[in-house]
Amino acid sequence: MVRKQIVMEPSLEEALERHAREMGISQSQFVSRALRRFIDEEEARERRRAAWRDAERIMDGEGPDGKIGGQLPWTREELHERGRFRTR
């Protein structure tokens, strides 16, 4: 473990104390969990952004290999077989 010292507003300190006490954990554990959750959410958000950029490139006619008119690595039928595309 690494020790860190942080500065916060009094209202934030009160909220930290209250929430940690309600959860039955130390303030340090609460801060560590909050940071982990924030970092995980940011990383997930970046993965979604990257996936969206890839989808936009494909919709613009650019294949996964970066070339215009490139072929997709799957067919519609393969998606149905894998159960990834379902019709209503």
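**Notebook: salt bridges and helix H2**

*Entry 1, arginine 45 and glutamate 42.* I looked first at a salt bridge in which the side chains of arginine 45 and glutamate 42 meet, 2.3 Å from N to O. The term covers a side-chain nitrogen of Lys or Arg within 4 Å of a carboxyl oxygen of Asp or Glu. I noted that the model is predicted, that local features need pLDDT of at least 70 and side-chain atom pairs 80 or more, and that totals for chains, interfaces and linings use all residues. Residues are numbered from 1 along each chain as its sequence is written, and side-chain values use heavy atoms, with hydrogens and water left out.

I then placed this pair: arginine 45 and glutamate 42 both belong to helix H2 and stand 3 residues apart, about one turn of the helix. Helices (H or I, at least four residues) and strands (E, at least two) are DSSP runs, numbered from the N terminus. For exposure, I recorded arginine 45 as partly exposed because its relative accessibility is 31%. Glutamate 42 is likewise partly exposed, at 30% relative accessible area. The classes are buried (under 20%), exposed (over 50%) and partly exposed (in between), with a 1.4 Å probe and protein chains only.

*Entry 2, arginine 37 and glutamate 41.* Which residue forms a salt bridge with arginine 37? I found glutamate 41, with the closest N and O atoms 3.2 Å apart. Both residues lie in helix H2, which covers residues 27–59, and they are 4 residues apart, about one turn of the helix. I checked each partner for exposure. Arginine 37 counts as exposed because its relative accessibility reaches 57%, whereas glutamate 41, at 36%, counts as partly exposed.

*Entry 3, a network of charges.* I next followed glutamate 46, whose side chain meets that of arginine 53 in a salt bridge of 3.0 Å, N to O. Which residues does the network join? I traced one network of Glu46, Arg49 and Arg53, joined by salt bridges that share partners. Are glutamate 46 and arginine 53 buried or partly exposed? I recorded glutamate 46 as partly exposed, with a relative accessible area of 36%. Arginine 53 is also partly exposed, at 37% relative accessibility. In total, I found 5 salt bridges in the structure.

*Entry 4, helix H2 from end to end.* How many residues does H2 have? I noted 33 residues and a reach of 47 Å from the first C-alpha to the last, close to the 48 Å expected at 1.5 Å a residue. That expected span is 1.5 Å times one less than the number of residues in the helix. I also looked up isoleucine 39, which is placed in helix H2. Isoleucine 39 is partly exposed, since its relative accessible area is 35%. After H2 comes glycine 61, and I recorded its phi as positive, near 95°.

*Entry 5, the chain as a whole.* I finished with the overall make-up. The secondary structure of the chain amounts to 3 helices and 0 strands, and from the N terminus on I read the order of elements as α-α-α. What share of the 88 residues in the chain is buried? I noted 8%. The chain exposes about 8300 Å², of which carbon and sulfur atoms supply 51%. Accessible areas come from the Shrake-Rupley method with a 1.4 Å probe; for residues, only the protein chains shown count as cover.
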